[in-house]
Amino acid sequence: MQPSMQVVGQVTRPELQTRRTVPMQVSLAFVERRVNVWLRFGWPVRETVLNRWRRVAVFEPGAVCCRVKWIANDYGTTLWQLMVLQAPTQFDGARRIAGVVPGARVLLRADGEQQVNAVLAVVDAMERLGIDPCAVAVTYWSGVGNPLAAHQPLPEYTLERHAAHIARGALQ
């Protein structure tokens, strides 16, 4: 072997070895009749109140949450947005999202009042069945986007589907 090849194999980058997973921080806000950014579901490990209007929810890697954003001006609502987010683990490809540090895996994104209300209705139905939306299969959230964009009925998340998801997790 050539000496240069041996050296290349021995070169290490210390910043890669010490890089650790950083918890996901989601900024939340409320200004009456102007801004409302809240969590529809999710279990933060910690929540920090910054001031009367703002707070930050912190999630462990792999945790799932749903952030809803509503913004208005003097003429009415300007933005309805819902995102189901998963806190990234060390090797996940996280997307940069305003108000989410360091970023997240976007499992579902709904824009506009109709889409947001459709997803909220699905979440309400899950909770009526006694299913925690955080425990729902990640693949379900990822699959809801296509029918949502096509203005089709959203797939139901049934108790049978949830039991199958739980059973798959037990096998792994």
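Is Cys-134 buried or exposed? Select Cys-134 to begin the tour: with a relative accessibility of 17%, this residue is buried. Here buried means under 20% relative accessible area, exposed means over 50%, and partly exposed lies in between, with a 1.4 Å probe and protein chains only.

Before moving on, a word about the model: it is predicted, so local features need pLDDT of at least 70 and side-chain atom pairs count only at pLDDT 80 or more, while totals for chains, interfaces and linings use all residues. Residues are numbered from 1 along each chain as its sequence is written, and side-chain values use heavy atoms, with hydrogens and water left out.

**Stop 1: the cysteines**

Keep Cys-134 selected and add Cys-65. The sulfur of Cys-134 has its closest cysteine sulfur in Cys-65, at 7.6 Å, which is too far for a bond. A disulfide is a pair of cysteine sulfur atoms within 2.5 Å, and the structure holds 0 of them. Cys-65 is likewise in no disulfide, its nearest cysteine sulfur being that of Cys-66, 7.4 Å away. Colour by accessibility and Cys-65 comes out as buried, at 0%.

**Stop 2: the strands around Cys-66**

Now show the cartoon and select residues 64-73, which form strand β5, together with residues 76-86, strand β6. Helices (H or I, at least four residues) and strands (E, at least two) are DSSP runs, numbered from the N terminus. Two strands pair if DSSP finds at least two bridges between them; β5 and β6 are joined by 10 bridges and run antiparallel. The connection from β5 to β6 is a hairpin of 2 residues. Find Cys-66 again, and look across to β6, where Val-84 stands opposite.

Next, add residues 100-111, strand β8. This strand is antiparallel to β6, with 6 bridges between them. To see one bridge pair, select Leu-85 and Val-106, the latter being its partner in β8.

**Stop 3: the aromatic cluster**

Hide the strands and display Phe-41, Tyr-140, Trp-141 and Tyr-157 as sticks: ring pairs link these four residues into a cluster. Rings of Phe, Tyr and Trp (its six-membered ring) pair if their centres lie within 6.5 Å; planes under 30 degrees apart count as stacked, over 60 as edge-to-face and the rest as tilted. Over the whole structure, the search finds 3 aromatic pairs.

Why does the pair of Phe-41 and Trp-141 count as stacked? Their ring centres are 5.6 Å apart and their planes meet at 25 degrees, so the pair gets that label. Phe-41 sits in strand β2 (residues 35-41) and Trp-141 in helix α4 (residues 138-149), so this contact ties together parts that are 100 residues apart in sequence. Both are buried: Phe-41 has a relative accessible area of 5%, and Trp-141 is at 1%.

Shift the view to Tyr-140 and Trp-141, an edge-to-face pair with 5.5 Å from centre to centre and 65 degrees between the planes. Tyr-140 is buried too, at 3% relative accessibility.

**Stop 4: down the axis of α4**

Turn the view so that you look along α4. Which residues of α4 are buried? They are Tyr-140, Trp-141, Val-144, Pro-147 and Leu-148. These buried residues fall within an arc of 115 degrees (taken from the directions from the helix axis to the C-beta atoms), so they line one face of the helix. On the face turned away from that buried side you will find the exposed residues Thr-139, Asn-146 and Ala-149. After α4 comes His-151, which has a positive phi, near 55 degrees.

**Stop 5: the charged pairs**

Side chains of opposite charge can pair when their charged atoms come close. A salt bridge is a side-chain nitrogen of Lys or Arg within 4 Å of a carboxyl oxygen of Asp or Glu, and the structure has 6.

Select Arg-40 and Glu-127, whose closest N and O atoms are 2.8 Å apart in a salt bridge. This pair links distant parts of the chain, with Arg-40 in strand β2 and Glu-127 in helix α3 (residues 113-128), 87 residues apart. Arg-40 is partly exposed at 22%, and Glu-127 is partly exposed at 36%.

Then select Glu-47 and Arg-55, a salt bridge with its closest N and O atoms 2.5 Å apart. Add Asp-124 to the earlier pair: salt bridges that share partners join Arg-40, Asp-124 and Glu-127 into one network.

Finish at Glu-32 and Arg-33, where the side chains meet in a salt bridge at 3.9 Å, N to O. Glu-32 is exposed at 55%, as is Arg-33 at 67%.
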